Structures are given as C-alpha cells and as structure tokens.
Amino acid sequence: METNCEKDLFKFLPFSSCINPSFWFELNRVKLDDYRLDDDFKNLKGFYSNCSSNDLPPIMNFDYSSFQETNDKTKNGHISTIIINGKIKIFNTINEFNVLDKNKLLDEFGNAIWNDIKTGRALDDPNLLIRFCLIVFANLKSYTFHYWFAFPAITFPLKSYYQLKTNKFTEIFTSEQSNKIIENMTNFQLKNEHHQSFFAIEFETLNVLTVKEAIDRHNLGKRILFGFYDPNSQSNHPGWPLRNYLALLALKCKKTDEEKRNLEVISFRDRYHGGARTLDHSLVILVEVFNISEDEEKVNTIGWERNEKSQLHPRVVNMSGSMNTEKLAESAVSLNLKLMKWRIAPDINLDIIKNQKCLLLGSDNSKVSYSNPVRQSLFVFQDSISGESKDNHKSIKAAENLKLIYPGVNAKGVVLSIPMPGHYVGDNLRSKVKDDVKQLEQLIKEHDVIFLLMDTRESRWLPTVIAAAEKKLVINSALGFDSYLVMRHGVKTGDPDKDELPKNFQPNQQIPSNHLGCYFCNDIVAPGNSTVDRTLDQQCTVSRPGLSMVASALAVELFANVMQHPLRLQVPSFSSNESISGCEESCLGIVPHQIRGYLHSFSNILPASQAFDKCTACSNEIIQMYKKDGFDFLLKVFNDPTYLEDITGLKELKTALDQTETDFVTELSDSEEFENF
C-alpha cells in the first residue's frame, strides 16, 4: 500500500477514555479515606496499547490500579502496554466543578508540555509528551460521577502538518530487516524505561535509538525514521501521541532555509500472529512539518474529550446499578463514618471499632412477646406470633433483624441460659448447666467486648466473673423506672501484685483501669434469686419508653471512646465528676467510668469508684477460686445463697457493721437518758 497525497492535511485520532468499573469504586475509596476535603491535583495513571484489534480508535484505559503510586508493570520489553502519568482533581461540590475555567486549565497543561519541549526535558523523558487530566465531582451518596478527561495537545495557529505519503512498514523494510528491528526494539524497551512511547530507527544500521540520539544523528544528515507507539488501528491516520511528538521534532530537528521540511515517521502497531510479533500493520508516513522557534507568540492547547453525543461537555456515570444491594448498603453505612475523618475527627480509627467482636448478653433465653416490639427496636409484631417455635427466641430474631437493617453485619443468635447465684441446680440439671457455662466461657473468650444488658442483677454475675478472668472489656447497662446506669468494668492485668488495691485511696485521684470497680463493687449483699415472690409489676421491665434507647446509645458511645483512647482497655478514670475533665481524652472525648442518668431531672453524673476488695464478682479472691476450681466453685455459688458472702468476707463485714450500729444506738440512748434526767 502506498498513498500519495497532495498536501493532505494531517489528521490525528484523539484518545477515548475507557474506564473499568473498579476505577470508580477505588475513586470512591480514596476520596473517603485518603483525599477527603483535599481537592488538589493528585497523580493518576492510564495505559494504552499499540496492539489493539483492528478498527479500534486510540483508547486510554483506567482501572483501580490507576491510583497506585508504584507501577505494576506486566509488560516486559515486547509486551505493548504503555503507562501514562496524569493528574486527577476531585471537586467537593458540583458548583466548583461547573464553574472551573476549563480552557485555562487545559492551557496550563499545554504550557507545561511546551516548556518541557523547549527546555529539553522531553528529550530525556519523551513520555512527558503524553499527559492527561481528569476532573471529577463524585456524589458519594448516589454513586454518581461527573467527569471530564483532557488529553492536552499543543497547536500553532496558521501552521499545520501535512501527510505527504503513507507506506506499509513491509514496503520499506524486508522481512529480514523487520525481524532485526523487532529484536532491537525488544532490547531497547528493556533498557529504556522513559522511552517506551517514542523511539527512532536509523535506516542504515536498523539500530533503535532514543529520541535525543536520533535528533542528533538526523541533524548530522543520517536517515532517521522517528517512531511512536500508535494506539490507533482504525485507519491510516495516526493516533493522538504523534501531535506533541511532531512539535518536539519541528523545534529540535535541524531547520532548512525553507519554512517547511519533511520527516519520516513510523506509526508502530504491534501484532502477534502464531505467537510471533509482527509489524505488518505498522505504517511509515512522510510528514511535512513547519519551522517553529522557542519564541512562538501563540501556542494553543486542545484535547478535551467529547461526550457520547460528540459534544464538548462532561460525562456522567451512575455506578449504583453495577453494585449489588449489599455492597451499596455497606458503602452507605461507611460513608457517614468516614466523613468524620474529613474535618470533625480526623484522628478517629474506624478500623479498630470495625474489627471488634461484640457479645451482647441480654435476651435472657426468652421469646419475643407482644409487648416487646413497641419497646425494643430490633423486634416487629410478626416476631411475636411464632408461638413456641425455637425461631421465636429473642436472640435469633435480633440477629435476623440486624441483617435486615444492615445485610453486611456478621451477627449470630445464640439461645443460652445463664446460670445465676441463688438459682438452685439439681442433679438432673447439672449436666445442662455445665454445658451452658462452657458455652458462655467460649463465647466470652471469642469476643473482645461484652455488653451486659440483662433484666436481673444476678444474671450479670457469671459473665462478669468470666470476663474479669479473661481480661475482657465489659460494658454494663442497667435500667430503673426513670434512671439508668452505663459503666465499664475495670480490666485486670492478670498480675495479682499489680491488681492489688491500694490501702490509702484518696478522693479525686486517678483510678487505673485494673482498679476500677465492676457492677457489683458497690454492694455489700451478694447477688441472689431476685425473681422469687414477685408481683406482676416486679416481673416485667417497667421503665420509661425512651430509657432503653438512651442507655444503649450511651453504652455504644462509651465503648467507642474506650477504643479511640491511646491506652484502649487500660484507660484510667477519675473518682469525681469535677476532676474527670482533667483526664486525657480520646479523639472523641473523655472516657468516664460510669454514667448515671435521671430522666426526672434530665441530668447525668459521671462518678467513678475503686474496686471493692470484697466484691462478689471481680475481687482477686473470686477470680482465683474460679480459675482454680472452675465449675465446682460455680456450683456452690448457684446452690448456696450465702456462699459468696462467706468466702469474700462480706458476712464478717456486715456483722461488724451491725455491731457498730448497735453500739452507736446504745451510746445515743444512754446520752438521751442522761439529758432527760
């Protein structure tokens, strides 16, 4: 094929962007996690190939790897993938995107290319001749992206390039010469990272040269064919990269006395046939170029990509349809959380919360009743009409409904009876109770934080003991009629010496985490069977309707503050509401020991208390006996209501207190008699 054109104006086929869906998912991620409110230009990578199938226009490809700083090159010399460096700017509002002066932006990129040509940087790194710019507004709520690509190309008013003659590569070179050129090209690509897009061939020797070497030899009179990787396979017209390449050659190649001169250009198009690399589709084009100088008065830049209607307008893509509903839900849930890091709480560590395994104890092995849905948000009316079915258990229904609210949650309902102090265990129940204890122990070991949300005081005892022995964080939430308690238990170190309580505790001093009290530390009465001889109002949970929501929300936020503190589980507290403000905060605020709230006065107090050395749940005596005797120790607690008071010394303490009170009353009576007399 040979074509002769009478001053045929040179035509360049522009790039078309081809965006893999993974690109938008990664853009969504980096905007949320990395860029946030930063709308400066960031590095981005695109890639094209000169080995496209027939009849395809020049295509610049983008996928998730476009955001990676390091090149993940799969090409190895002969593999024809060219990586192009560009820039991306993600706007924070659609208005900023719309009012941007696009022409000015394009001129800035064009001037950068022209400066690299004039200074010679483009000779050392010809890849600088191909650049792109992407501007985007990302609506992260609807997964809609407004975007516009620009592939800058410099032009000179009243000066044009002309295509004088076009030959097939095989019409200029023999088969033997072509094979030699392929061999030389492979070696050239392996050695010259910055010359992947542009090269040259010395006709006499068939050596493959860098652009800088080629211009020097051309200026010495050698016949040089200037080559470029052509992404176009659609016609005899070359692709977009040649436009800036010709500007470089027009400036740097030796000028003649005439205003124009001719250059030979190779449109390098790779093909593979039978496993062998061929150049049959490559073209050799004779080009007429004009003389230009570094002092050109006017340099224009073109390159904004046309949309699907061939108009110079941005494009819009909605990716919500390509995401499954669960993925959409997951992204939407994380959106508001990640937005915290943009401005309000940039230091928050979302992953540490996300990775925590939480055990919620509180359904008390009961079924969903008709009164539950109006008071407890995880249940609906339909859950209460399943009769005696096992699927009607609160824990099962709660886990199922959590997944209905958010499909991405990893939730499992466990039907379990928690053995309690003072609840007698007969021989016929011993085996089952032992299994229940083992199951509870295993659950606590497998989780990071334990939430105690039960109805009765005694049902909280066994999880408290096990969690203390396993050094787990416990968040306790308890309700009255119009009052609530939310607290974190102290976390032991496991070292008896370090966990030993100080003898001279002073008010307003800091309390280490391993010395903070648990739910039972303020009691001088051991937990027992509180369900005996109860009237109806005492059997049911009678509290103001909004109380459970308030307390549960505070329990979650207390957990979050603990996790965000640098000391995590070992964060201390202060022993008074006044001094707690002086303690070191997490990025979310203070980490109190207790939150006691009163709806009657709509007030909260934040007390803290040291652990009780005679506590029936977390004292060293209890923990050591549990670790030593295991279920045998627990069985004594279940069957003997006074056992805990005996072994902790509470019984002796109460006796001493009773005696002190008797002595005080006696002394007071004697004094009154004396005065009366």
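What share of the contacts in the chain with a separation of 6 or more comes from residues 24 or more positions apart? It is 72%. Keep that in mind, everyone, as we walk through this one together.

Please remember that we are looking at a predicted model. The chain has 677 residues, and 48% of them count as buried. You will find 20 helices and 25 strands along the chain. Its accessible surface is about 33900 Å², with 50% of that belonging to carbon and sulfur atoms.

Now, confidence. The average pLDDT for the chain is 88, and 90% of the residues reach at least 70. Strand E19, residues 449-452, has the highest mean, at 98, while helix H15, residues 536-539, has the lowest, at 54. Two stretches deserve a word here. Residues 73-78 have a pLDDT below 50, yet this stretch makes 15 contacts in the model beyond its near neighbours in sequence. Residues 671-677 are also below 50, and that stretch has zero such contacts. Where pLDDT is low, please don't read the predicted coordinates in detail.

On to the empty space inside. Rolling a probe the size of a water molecule over the atoms shows where such space is left. Here the count is three cavities of 30 Å³ or more, and the largest has a volume of about 110 Å³.

Which helices each supply at least two residues of the lining of that largest cavity? They are H13 (461-469), H14 (496-499) and H17 (620-629). Helix H17 gives the largest share, four residues. If you want to click on a few, the lining residues include Ala-468, Lys-492, Asp-495, Asn-620 and Lys-627. By character, the lining divides into five charged, four nonpolar and three polar residues.

Last stop: Ser-235. You will find Ser-235 in the loop between strand E11 (224-229) and helix H8 (241-252). Is Ser-235 buried, partly exposed or exposed? Ser-235 counts as partly exposed, because its relative accessibility is 24%, and the partly exposed range runs between 20% and 50%.

And what does Ser-235 touch, leaving out residues up to four places away in sequence? Its partners are Leu-13, Arg-269 and Leu-283. Take Leu-13: 222 residues separate Leu-13 from Ser-235 in sequence, but C-alpha to C-alpha they are 9.2 Å apart in space. That brings us back to the opening question, where residues 24 or more positions apart accounted for 72% of the contacts with a separation of 6 or more. Thanks for listening!

Notes
Residues are numbered from 1 along each chain as its sequence is written. This is a predicted model: local features need pLDDT of at least 70, side-chain atom pairs count only at pLDDT 80 or more; totals for chains, interfaces and linings use all residues. Side-chain values use heavy atoms; hydrogens and water are left out. pLDDT is the predictor's confidence in each residue, from 0 to 100. Contact means heavy atoms within 4.5 Å. On a 1 Å grid over the protein atoms alone, a cavity is a set of points where a 1.4 Å probe fits but cannot get out, and a pocket is an open set with protein on both sides within 12 Å along at least five of seven lines; lining residues have an atom within 4 Å of a point. Grid points are joined across faces, edges and corners, and a volume is the space filled by probe spheres set on the points. Ala, Val, Leu, Ile, Met, Phe, Trp, Tyr, Cys and Pro count as nonpolar, Asp, Glu, Lys and Arg as charged, and the others, Gly among them, as polar. Buried means under 20% relative accessible area, exposed over 50%, partly exposed in between (1.4 Å probe, protein chains only). Accessible areas come from the Shrake-Rupley method with a 1.4 Å probe; for residues, only the protein chains shown count as cover.
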